[in-house]
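These entries record what I looked up in one model, in the order in which I consulted it. I began with confidence and overall make-up, then turned to helix packing and single residues.

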Amino acid sequence: AVSSKRSLAGVRTGTQHETVETAYQLGYFKRDPDVNLTDIADALDKSRWTVSEHLRLAHQALIEHHR
């Protein structure tokens, strides 16, 4: 298995990493997820918008890192 640190290479902030890690643990990235941004936001005690922004920025950072 690929370690979280390696698989999240390129994510720029600890908060982005925490958000992606929480989303992953909750099953957000599964083919048919039964969790949504509100569930992740509740788990992190953050707003839905903040979670969305952290996931977007982390996604952008991962893509830029692997280009």
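**Entry 1: a loop residue.** I started with D45, which I located in the loop between helix 3 and helix 4. I noted that D45 has a positive phi of about 55 degrees, although the residue is not a glycine. I then asked whether D45 is buried or exposed. With a relative accessible area of 73%, D45 is exposed, because the cut-off for that class is over 50%.

**Entry 2: confidence.** The model is predicted, and I therefore checked pLDDT before reading further. I found a mean pLDDT of 87 for the protein chain, with 85% of its residues at 70 or more. I also looked up where confidence is lowest and where it is highest in the chain. The lowest value belongs to helix 1 (residues 4-7), with a mean of 54. The highest belongs to helix 3 (residues 37-44), at 98.

**Entry 3: overall make-up.** I recorded four helices and zero strands in the protein chain. Read from the N terminus, the order of elements is α-α-α-α. Of the 67 residues, 30% count as buried. I also took the contacts with a separation of 6 or more and looked up what share joins residues 24 or more positions apart; that share is 45%.

**Entry 4: helix 2 against helix 4.** Two packed helices are described by the angle between their axes and the distance between the axes. I applied this to helix 2 (residues 14-26) and helix 4 (residues 48-65), whose axes come within 9 Å and cross at roughly 100 degrees. Helix 2 is therefore roughly perpendicular to helix 4, as the angle falls in the range of 65 to 115 degrees. I listed the residues that make the contact: T15, Q16, T19, V20 and A23 from helix 2, and V51, H54, L55, L57 and A58 from helix 4. Sorted by class, this contact has six nonpolar residues, four polar ones and no charged ones.

**Entry 5: Q16 within that contact.** I examined Q16 separately, as a residue of helix 2. Its relative accessibility is 7%, so Q16 counts as buried, the cut-off being under 20%. Leaving aside residues up to four places away in sequence, I found that Q16 touches V11, H54, L57 and A58. H54, L57 and A58 are also listed for helix 4 in its contact with helix 2.

**Entry 6: helix 2 against helix 3.** Which angle do the axes of helix 2 and helix 3 make where they cross? I read roughly 120 degrees, with the axes coming within 10 Å. Helix 2 is therefore oblique to helix 3. I noted the crossing of these two helices as right-handed. On the side of helix 2, the residues that meet helix 3 are E18, T19, T22, A23 and L26; on the side of helix 3, they are D39, I40, A43 and L44. I counted this contact by class as five nonpolar, two polar and two charged residues. T19 and A23 appear here and also in the contact of helix 2 with helix 4.

**Entry 7: the loop between helix 2 and helix 3.** I closed with N36, which lies in this loop. N36 has a relative accessible area of 39% and is partly exposed. I looked up the separation of the C-alpha atoms of N36 and L26, which are ten residues apart along the chain, and found 9.2 Å.

How values were computed
Residues are numbered from 1 along each chain as its sequence is written. This is a predicted model: local features need pLDDT of at least 70, side-chain atom pairs count only at pLDDT 80 or more; totals for chains, interfaces and linings use all residues. Side-chain values use heavy atoms; hydrogens and water are left out. Axes are lines fitted to C-alpha atoms, for helices over the stretch in contact, and angles run from 0 to 180 degrees between N-to-C directions. Angles under 35 degrees count as roughly parallel, over 145 as roughly antiparallel, 65 to 115 as roughly perpendicular and the rest as oblique. Contact means heavy atoms within 4.5 Å. Ala, Val, Leu, Ile, Met, Phe, Trp, Tyr, Cys and Pro count as nonpolar, Asp, Glu, Lys and Arg as charged, and the others, Gly among them, as polar. pLDDT is the predictor's confidence in each residue, from 0 to 100. A crossing is left-handed if the near helix is turned anticlockwise from the far one by less than a right angle, and right-handed if clockwise. Buried means under 20% relative accessible area, exposed over 50%, partly exposed in between (1.4 Å probe, protein chains only).
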